[in-house]
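The following note is offered to a colleague who is beginning to read structures. Please keep the sequence and the model in view while going through the numbered points.

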Amino acid sequence: MTQTLTIPRPDDWHLHLRDGDMLRAVLPETARHFGRAIIMPNLVPPVVRSDEAAAYRDRILSALPKGMAFEPLMTLYLTENTDPDDVAAAHASGLVKAVKLYPAGATTNSASGVTDFDKVRPVLEKMAEIGLPLCTHGEVTDHDIDIFDREAVFIDRVLDPIRRATPGLRVVMEHITTKNAADYVASQDKDLGATITTHHLIINRNHILVGGIKPHYYCLPVAKREEHRIALRAAATSGDPRYFLGTDSAPHTDENKIAPCGCAGCFTAPNTMSLLAHVFEEDGALDKLAAFASQNGPAFYGLPISGETLTLTKQDTAVAFPENIDTPDGPVTVFDPGYDVFWKVA
Ligand code: NCD
Ligand code: ZN
């Protein structure tokens with residue numbers, strides 16, 4: 001018997017679209033299934049000012065193939081020179097839906113991020129006042145902190161102090177990878193939410209390192225121990241409105257991934273919805289997929305839930321996902337869960 005599941009059209013609350021040829025190649029992979037996405041600003045150079053965000057939004061919309069509907073929700077990259085009035089104007093005009101905090105050096109293209117958090121205090125206070133969320137890449141960058149501990153340490157040393165010092169600031173902990181982060185969100189009020197990626201529900205750190213190094217499973221924050229993956233699965237499938245989907249789909253060419261110093265990022269846009277249906281079914285939580293992928297995110301951001309729908313059907317034979325997509329810069333490998341998946345977007 002065919003099983004089908006219909007949910008409101010999902011949104012992606014954390015997405016890398018890049019620019020130029022790469023943008024044109026990857027955008028349809030997201031727009032095919034998702035109605036909106038929070039667009040990460042870590043271009044080179046980063047999207048810092050509102051005029052840069054407006055220009056980037058225009059480039060995204062002109063890269064959208066005819067007949068596809070998709071709304072990019074723009075963000076600004078927070079630097080120590082960000083002007084609170086520019087942020088407020090970008091929010092008031094409806095252009096910008098969040099500001100992104102990268103600790104300097106934490107991940108791909110984050111060199112312009114924040115080192116001295118006191119310098120961004122006026123921006124954070126303005127954001128609290130106007131209700132504009134802060135999206136955080138939650139990892140410290142101190143060389144003496146082990147890479148597997150960087151998220152947990154960020155909560156104690158950076159995030160919690162910022163939130164205490166800035167009452168009313170709405171924060172999204174992006175791409176959480178630890179039980180510590182899931183528990184911290186659960187212990188706080190509704191001003192704090194978290195996105196969870198598809199791949200962090202599927203892989204733990206063994207997948208990256210056992211039996212040979214797997215560059216396509218390397219992303220930041222790096223996948224942690226199995227107990228953390230299990231905690232993320234529990235959070236994502238709980239229906240709790242504070243957890244929602246942010247794929248962090250982050251395309252890099254194979255040449256840049258399979259290298260002595262390979263880039264961080266998993267490209268999950270093409271098969272995320274199939275993988276999520278598999279994961280949620282495995283956990284007996286198919287009825288919670290709509291909350292995670294379609295309802296909790298808009299509720300946090302104060303936006304309407306999509307009036308359109310997406311239908312998934314479970315077929316008898318495994319879905320054949322493309323191994324990679326072609327771009328003028330070279331192939332980009334699609335995330336492979338390492339097992340067969342039978343849910344297909346209709
Ligand atoms: C992202 C990228 O490639 O831009 N990489 C990743 O591993 N997630 C940056 C980020 O979100 O950390
Ligand atoms: Zn990201």
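1. A term is needed before the loops are discussed: helices (H or I, at least four residues) and strands (E, at least two) are DSSP runs, numbered from the N terminus. With this numbering, Pro45 can be placed in the loop between strand 3 (36-39) and helix 2 (50-63). The reader should bear in mind that the model is predicted.

2. The peptide bond that leads from Val44 into Pro45 deserves attention, for it is cis, with omega near -5°. Val44 appears again in the largest pocket, as one of the residues closest to the centre of that pocket.

3. A cis peptide bond also joins Leu220 and Pro221, where omega is about -10°. Pro221 belongs to the loop between helix 7 (205-209) and helix 8 (226-236). Its partner in this bond, Leu220, is among the residues that come nearest to ligand 1.

4. Arg18 should be checked in the backbone as well as in the side chain. Although Arg18 is not a glycine, its phi is positive, at about 60°. The residue is found in the loop between strand 2 (12-15) and helix 1 (20-31).

5. Which residues come nearest to ligand 1? There are 15 residues around the ligand, and the nearest are Arg18, Thr107, Leu220, Asp248 and His252. By class, this shell consists of 4 nonpolar, 9 polar and 2 charged residues.

6. Three side chains may be examined for their polar atoms. Arg18 places a polar side-chain atom 2.8 Å from an oxygen atom of ligand 1. For Asp248, a polar side-chain atom lies 2.7 Å from a nitrogen atom of the ligand. For His252, the corresponding distance is 2.7 Å, and the ligand atom is an oxygen. Taken alone, ligand 1 exposes 310 Å², and the protein buries 100% of that area.

7. The empty spaces come next. Rolling a probe the size of a water molecule over the atoms shows where empty space is left. The structure holds 4 cavities of 30 Å³ or more. The largest cavity has a volume of about 120 Å³, and 16 residues line it, with His16, Thr107, Leu220, Asp248 and Ala250 closest to its centre. Its lining divides into 5 nonpolar, 8 polar and 3 charged residues.

8. Where does ligand 1 sit? The ligand sits in the largest cavity. Thr107, Leu220 and Asp248 are among the residues closest to the centre of that cavity, and they are also among those nearest to the ligand.

9. The second largest cavity contains about 80 Å³ of space. Of its 13 lining residues, His216, Lys257, Gly265, Phe267 and Thr333 are the closest to its centre. Helix 9 (254-257) and strand 12 (332-333) are the elements that give two or more residues to this lining. By class, the lining has 7 nonpolar, 4 polar and 2 charged residues.

10. The largest pocket holds about 330 Å³ of space. Of the 18 residues that line this pocket, the closest to its centre are Arg18, Val44, Asn109, Pro251 and His252. The lining comprises 8 nonpolar, 7 polar and 3 charged residues. Arg18 and His252 thus link two parts of this note: they are listed among the residues nearest to ligand 1, and they are also listed for the centre of the largest pocket.

Methods
Residues are numbered from 1 along each chain as its sequence is written. Chains are lettered from A and ligands numbered from 1 in the order in which they are written. This is a predicted model: local features need pLDDT of at least 70, side-chain atom pairs count only at pLDDT 80 or more; totals for chains, interfaces and linings use all residues. Side-chain values use heavy atoms; hydrogens and water are left out. A residue is near a molecule or strand if one of its heavy atoms lies within 4 Å of it. A polar contact is a pair of N or O atoms within 3.5 Å; within protein, one must be able to donate a hydrogen and the other to accept it, and residues adjacent in sequence count only if both atoms are side-chain atoms. Accessible areas come from the Shrake-Rupley method with a 1.4 Å probe; for residues, only the protein chains shown count as cover. On a 1 Å grid over the protein atoms alone, a cavity is a set of points where a 1.4 Å probe fits but cannot get out, and a pocket is an open set with protein on both sides within 12 Å along at least five of seven lines; lining residues have an atom within 4 Å of a point. A molecule sits in a cavity or pocket if more than half of its atoms lie within 2 Å of its grid points. Ala, Val, Leu, Ile, Met, Phe, Trp, Tyr, Cys and Pro count as nonpolar, Asp, Glu, Lys and Arg as charged, and the others, Gly among them, as polar. Grid points are joined across faces, edges and corners, and a volume is the space filled by probe spheres set on the points.
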